[in-house]
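Colleague: I should like to go through this model with you, one topic at a time. Please reason briefly before giving each value or name.

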Amino acid sequence: MKIDILLGLQWGDEGKGKIVDYLAPKYDVVARFQGGPNAGHTLEFDGIKHVLHQIPSGIFRSNIKNIIGNGVVLDPIIFKTEIEGLDRYRLAVKENLFISKKTQLILPTHRLLDAAYEKAKGEKKIGSTLKGIGPTYEDKIARHGLRIGDILLPNFKEKYAKLVKRHTDILNAHSFDYELEKSEQEFFEAVQFLKGFELVESEYLINEELSSGAGILAEGAQGSLLDVDFGSYPFVTSSNTMAAGACTGLGVAPANIGEVFGIFKAYCTRVGSGPFPTELHDRIGQEMQKEGNEFGATTGRPRRCGWLDLPALKYTCMINGVTQLFMMKADVLNIFKEIKVCTAYELEDGSQTQILPYEIGETTLNPIYKTFKGWCTGLDGINDFDELPQALMEYIKYIETELNIPINIVSVGPDRTQTILRNTAKVAV
């Protein structure tokens, strides 16, 4: 067996949580490999909506092991709140959830630093979720950070105090007002709570599962266009959101990677600042936002909306080695008589390109569109891929042809039952 990877191909919010939940019966293990509480993976089933921030999306399946890998950054306070929110479902969380000792800890002062840095940027702010993600990864790279395994050491509080002193010196230099006492109390209570879980050398665990023939799904957070190296820098997250991040974020060799499932919306959205070539600033964009309920699951912020960006999608398929595509929220486009796809960009000098340029954040890219006829009908009750409206099938076929990758799942609603699997797909559920 090899490890399959599921990740987003746009600017996040593609619907990864729903698909992990849908695919989960095929797997024995679901593992998060990067990101932190800035993720908002939404699952809907049995008339209930769930939003997971740090816990892998296989947690609702009783026979699945869920691993939080070393590439993740974890906020103990948010973790405790999230676990307590699951109590009413009587899940075997403590038996089925394993946390890497190498996972980085988000401290209360990391969140304060996040706010201070964002405030200092003024109009040039990144659009951070202010969860302390960036400063935590910053400390990881600078080799100052604390990890989950440190909470088990007798000198943890000494290590904590040393790092907090470093942080407060920075906050004071920024003349940033803050209050720490309450959040520190909550932090240490949450750390004690965290000690009640399986804290493990997860790289050994996942490789043992791999050797035993277990099916493993690596779950990404955010989206490929937010990758710290290959995204729209500097308007990106602080981790590697692409397929290669699963290797470093879990401790698995590239040779052990199998299928790479790429998830994309039938249109595009983005939260926060940063370039967005196909963004719609008109009535159509507003209708798309309303129809898709495009508001962040973590922050509640409205998402910017626009037509599908094919050059960007080709780019993320290339860098991830995507083997199968899953189209999400096709139902949101039901209301439009015409649907557009960006096929290339016109640059400021009048030339055209299908390449996502290095200067994406510094130059004006005018999208060149191809127009398709809309299907203008609801998709409720459709269970078979071949029953999809002809106009939608033509839209799907065009994207497949351009990307040379099959679209094997089409999502037509938020519930796990509103998921159409292609009969010829290599996805067994």
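Colleague: How many disulfides does a search of the whole structure find?

Modeller: This is a predicted model, in which local features need pLDDT of at least 70 and side-chain atom pairs count only at pLDDT 80 or more, while totals for chains, interfaces and linings use all residues. Residues are numbered from 1 along each chain as its sequence is written, and side-chain values use heavy atoms, with hydrogens and water left out. A disulfide is a pair of cysteine sulfur atoms within 2.5 Å. By that criterion, the number of disulfides found in the whole structure is 0.

Colleague: Why is the sulfur of Cys305 without a bond to the closest cysteine sulfur, and how far away is that sulfur?

Modeller: Cys305 is buried, at a relative accessible area of 3%; buried means under 20% relative accessible area, exposed over 50%, and partly exposed in between (1.4 Å probe, protein chains only). The closest cysteine sulfur belongs to Cys268, and it is too far for a bond because the separation is 9.7 Å.

Colleague: Is Cys376 buried or partly exposed, and which cysteine holds the sulfur closest to its own?

Modeller: With a relative accessible area of 46%, Cys376 is partly exposed. Its sulfur is also too far for a bond, lying 18 Å from the closest cysteine sulfur, which is that of Cys305.

Colleague: Which helix gives the largest share of the largest nonpolar core?

Modeller: A nonpolar core is a set of buried Ala, Val, Leu, Ile, Met, Phe, Trp, Tyr and Cys residues joined through side-chain atoms within 4.5 Å. The largest has 60 residues, and those with the most contacts inside it include Phe264, Met327 and Ile399. Helices (H or I, at least four residues) and strands (E, at least two) are DSSP runs, numbered from the N terminus. The largest share of this core, 7 residues, comes from residues 390-403, helix H12.

Colleague: Which residue in S15 stands opposite Phe264?

Modeller: Strand S11 (residues 257-265) has 8 of its 9 residues buried. Two strands pair if DSSP finds at least two bridges between them; S11 pairs in the parallel sense with strand S15 (residues 324-328) over 5 bridges. Contacts of Phe264 (heavy atoms within 4.5 Å), leaving aside neighbours within four places in sequence, include Leu9, Leu325 and Ile407. Opposite Phe264 in S15 stands Met327.

Colleague: What is the bridge partner of Ile3 in S11?

Modeller: Strand S1 (residues 3-8) runs parallel to S11, joined to it by 5 bridges. Within this pairing, the partner of Ile3 is Ile257.

Colleague: Which residue in S7 is the bridge partner of Asn66?

Modeller: Strand S5 (residues 65-68) is joined by 4 bridges to the parallel strand S2 (residues 29-32), where Val30 stands opposite Asn66. S5 also pairs in the parallel sense with strand S7 (residues 97-100), over 3 bridges. In S7, the bridge partner of Asn66 is Leu97.

Colleague: Within what arc do the buried residues of H7 fall?

Modeller: In helix H7 (residues 181-194), the buried residues are Ser183, Phe187, Ala190, Val191 and Leu194. They line one face of the helix because, seen down its axis, they fall within a limited arc, taken from the directions from the helix axis to the C-beta atoms. The face turned away carries the exposed residues Glu181, Lys182, Gln185 and Gln192. The arc of the buried residues is 105°.

Colleague: What is the relative accessible area of His167?

Modeller: His167 has its place in helix H6 (residues 156-173). Not counting residues up to four places away in sequence, His167 touches Thr109, His110, Leu113 and Asp139. His167 is buried, and its relative accessible area is 1%.

Technical notes
Expected span 1.5 Å × (residues − 1).
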